[in-house]
Amino acid sequence: FAAKGAADEGIQAQLTARAVCRYLREKYGSDAALQKAWGDADVTLGTATVPDATARDGSGLFIRDMSDPRDRRIDDYYDCYHREFEDFIIDFGKSVKTALPGCLAGGYYGYAVLGYNPSGMTARFERALASPWIDYLYATVSGNHRMDGLTRHLLSPFHRFGKLSSMEADDRIHTAFFPGQQCNNVIIQKKNFVSIFRLPDGGIG
């Protein structure tokens, strides 16, 4: 279930297919309901497959049309995909808070502003925020070496659920991994943090 198509390879492809079938059984409950939603008289809960890279374009519209069976199928796939991530994070948080009462628990999730394809997105994160086992989510800044201080989180849901959005300054300050890679200095890092607190919605969830 990793980003950028890894869900289509090896053992991860098998796990993805199992998760999709499980999700469809829970959502539709019958072959007839699935066939109606997907506009496919031949598909069944036992034969439904993960849409390939071409099928994931759906109708090709920027905003999906849920009345179009192609977009409904893709939305089901991504909803399943993100729920698998959320369940893992929620279970992790439950384990942490059960073993260590009083400790906060969270993870890197909810990247709504990200350059990956939808398979790598984690934009459906409200179930995680609604969970009593999750106190915070991390996200990096929106781009390397930027000075706008923008986070990859959409902050309004954090306010609504009373949870913390924490920004990881994923920039290099003193060292670079590759020759010629630009490194931020401490001054730029400070400007990023100040910019966050100056955002219209307060910056911190």
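**Salt bridges, rings, sheet and cysteines**

Colleague: How exposed is Arg127?

Modeller: The model is a predicted one. For Arg127 the relative accessible area is 32%. Buried would need under 20% and exposed over 50%, so Arg127 counts as partly exposed.

Colleague: Which residue forms a salt bridge with Arg127, at 2.9 Å between the closest N and O atoms?

Modeller: The partner of Arg127 in this salt bridge, with closest N and O atoms 2.9 Å apart, is Glu86. The pair links distant parts of the chain, with Arg127 in helix H4 (residues 126-130) and its partner in helix H3. The partner has a relative accessible area of 2%, so it is buried. The residue asked for is Glu86.

Colleague: Which residue is linked with Glu86 and Arg127 in a network of salt bridges?

Modeller: The structure holds eight salt bridges. Some of them join Glu86 and Arg127 into a network with a further residue. That residue is Asp87.

Colleague: Why are Arg83 and Asp79 separated by about one helical turn?

Modeller: Arg83 and Asp79 form a salt bridge, with 3.3 Å between the closest N and O atoms. Arg83 is partly exposed at 32% relative accessibility, whereas Asp79 is buried at 15%. Both lie in helix H3 (residues 69-99), and the separation is about one turn because they are four residues apart.

Colleague: In the salt bridge of Arg70 with Asp68, how far apart are the closest N and O atoms?

Modeller: Arg70 has a relative accessibility of 48% and counts as partly exposed. Asp68 is buried, with a relative accessible area of 15%. The closest N and O atoms of the two are apart by 2.8 Å.

Colleague: In what order do the three strands of the open sheet stand?

Modeller: The pairing in this sheet is parallel. Its edge strands, each pairing on one side only, are E1 (106-108) and E3 (164-168). Neighbouring strands are turned by 25° against each other on average, direction ignored. The order is E1-E2-E3.

Colleague: How many bridges join E2 to E3?

Modeller: E2 (residues 136-140) also pairs with E1, in the parallel sense, over three bridges. On its E3 side the two strands run parallel as well, and Tyr138 stands opposite Ser166 in E3. The number of bridges joining E2 to E3 is five.

Colleague: Which side chains along E3 point to one face and are buried?

Modeller: The side chains of E3 alternate between two faces. Leu164, Ser166 and Glu168 point to one of these faces and are not buried. On the other face, and buried, are Ser165 and Met167.

Colleague: Which residue stands opposite Tyr108?

Modeller: The residue opposite Tyr108 lies in E2. It is a tyrosine with 28% relative accessibility, so it counts as partly exposed. The residue is Tyr138.

Colleague: Why is the pair of Tyr136 and Tyr138 edge-to-face?

Modeller: The structure holds seven aromatic pairs. In this one the ring centres are 5.2 Å apart and the planes stand at 70°. Planes over 60 degrees apart count as edge-to-face, so the pair of Tyr136 and Tyr138 is classed as edge-to-face.

Colleague: Which residues do ring pairs link into a cluster?

Modeller: Rings pair if their centres lie within 6.5 Å. Pairs of this kind link several rings into a cluster. The members are Tyr77, Tyr78, Tyr81, Phe85 and Tyr109.

Colleague: How far is the nearest cysteine sulfur from that of Cys80?

Modeller: A search of the whole structure finds zero disulfides. Cys80 is in no disulfide, and the nearest cysteine sulfur belongs to Cys21. A disulfide would need sulfur atoms within 2.5 Å, but here the distance is 9.1 Å.

Colleague: Is Cys80 buried or exposed?

Modeller: Cys103, another cysteine, counts as partly exposed at 33% relative accessibility. Cys80 has a relative accessible area of 2%, so it is buried.

Colleague: With which residues is Gly29 in contact, leaving aside its neighbours within four places in sequence?

Modeller: Gly29 is found in the loop between helix H1 (10-28) and helix H2 (31-38). Its relative accessibility is 55%, so it counts as exposed. One contact residue lies 16 residues away along the chain, with 8.1 Å between the C-alpha atoms. The contacts of Gly29 are Leu24 and Leu45.

Notes. Residues are numbered from 1 along each chain as its sequence is written. This is a predicted model: local features need pLDDT of at least 70, side-chain atom pairs count only at pLDDT 80 or more; totals for chains, interfaces and linings use all residues. Side-chain values use heavy atoms; hydrogens and water are left out. Buried means under 20% relative accessible area, exposed over 50%, partly exposed in between (1.4 Å probe, protein chains only). Contact means heavy atoms within 4.5 Å. Rings of Phe, Tyr and Trp (its six-membered ring) pair if their centres lie within 6.5 Å; planes under 30 degrees apart count as stacked, over 60 as edge-to-face and the rest as tilted. Two strands pair if DSSP finds at least two bridges between them. Axes are lines fitted to C-alpha atoms, for helices over the stretch in contact, and angles run from 0 to 180 degrees between N-to-C directions. A salt bridge is a side-chain nitrogen of Lys or Arg within 4 Å of a carboxyl oxygen of Asp or Glu.
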